[in-house]
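Colleague: I would like to learn how to read aromatic rings and helices in a model of this kind. Could we work through it together?

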Amino acid sequence: MSATHTPQQIAEAVRDAMFANDRASKSMGMEILAVGPGTATLKMVVRDDMLNGFDICHGGFITTLADSAFAFACNSHNELTVASGFAIDIVAPGREGDTLTAVAGEVSLAGRTGVYDITIRNQRDELVAVFRGKSYRIKGKPVVPGLVAQAQEQQT
């Protein structure tokens, strides 16, 4: 008989499994600060090689930070989940040396689709970007095989 796990333990096991092979996030120096059911918080320091021709953080790096937080949040239930789309609004620049923190939260999860909002702030708690991601879950395909939830989450 398999051991059962809390939703938090499942989220942490999924985080560990995903990050172990996440070359993109690691190459950008991202760190996972927290993860939970439907949530994730990641940070990244803006380096010189992330600056564009105006000496501000390239928007693609800001987007990638948000997308990584989105990925950890939407996979935290241990069902393989991919992005089906996203939109981002960058409202302030990231500068070299800034620590950007992305906080992702589940807005809606129904059937195979989900909606997640991610905010990115700098070390002064100034808003840098807002990101909304839409996800699609692959039913029957866990991120970490063999994890059994203590209580079945309500799924519609």
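Colleague: Which residue lies over the face of F19, and at what distance from the ring centre?

Modeller: Bear in mind that this is a predicted model. In this model K26 lies over the face of F19, at 5.3 Å from the ring centre.

Colleague: How many aromatic pairs does a search of the whole structure find, and how should I read the one that involves F19 and F72?

Modeller: The search finds four aromatic pairs. For F19 and F72 the ring centres are 6.3 Å apart and the planes stand at 55°, and because planes count as edge-to-face only over 60 degrees and as stacked only under 30, this pair is tilted. The pair links distant parts of the chain, since F19 belongs to helix α1 (residues 7–20) and F72 to helix α3, 53 residues apart.

Colleague: Is F19 buried or exposed, or partly exposed, and what about F72?

Modeller: F19 is partly exposed, with a relative accessible area of 22%, whereas F72 is buried, at 2%.

Colleague: Where does F70 lie, and where does its partner F131 lie?

Modeller: F70 lies in helix α3 and F131 in strand β7 (residues 127–137), so their pair ties together parts that are 61 residues apart in sequence. Their ring centres are 5.8 Å apart with planes at 55°, so this pair is tilted, and both F70 and F131 are buried. Ring pairs also link F70, F86, Y116 and F131 into a cluster.

Colleague: Which residues of α3 are buried?

Modeller: As a general idea, an α-helix has 3.6 residues a turn, so residues three or four places apart point the same way. In α3 the buried residues include I62, L65, A66, A69, F70 and A73.

Notes:
Residues numbered from 1 in each chain as written. Predicted model: local features only at pLDDT ≥ 70, side-chain atom pairs only at ≥ 80, totals over all residues. Heavy atoms only, no water. Buried < 20%, exposed > 50% of the residue type's maximum accessible area, 1.4 Å probe, protein only. Helix = DSSP H or I, 4+ residues; strand = E, 2+ residues; numbered from the N terminus. Phe/Tyr/Trp six-rings, centres within 6.5 Å; stacked < 30°, edge-to-face > 60°. Lys NZ or Arg CZ within 6 Å of the ring centre and 35° of its normal.
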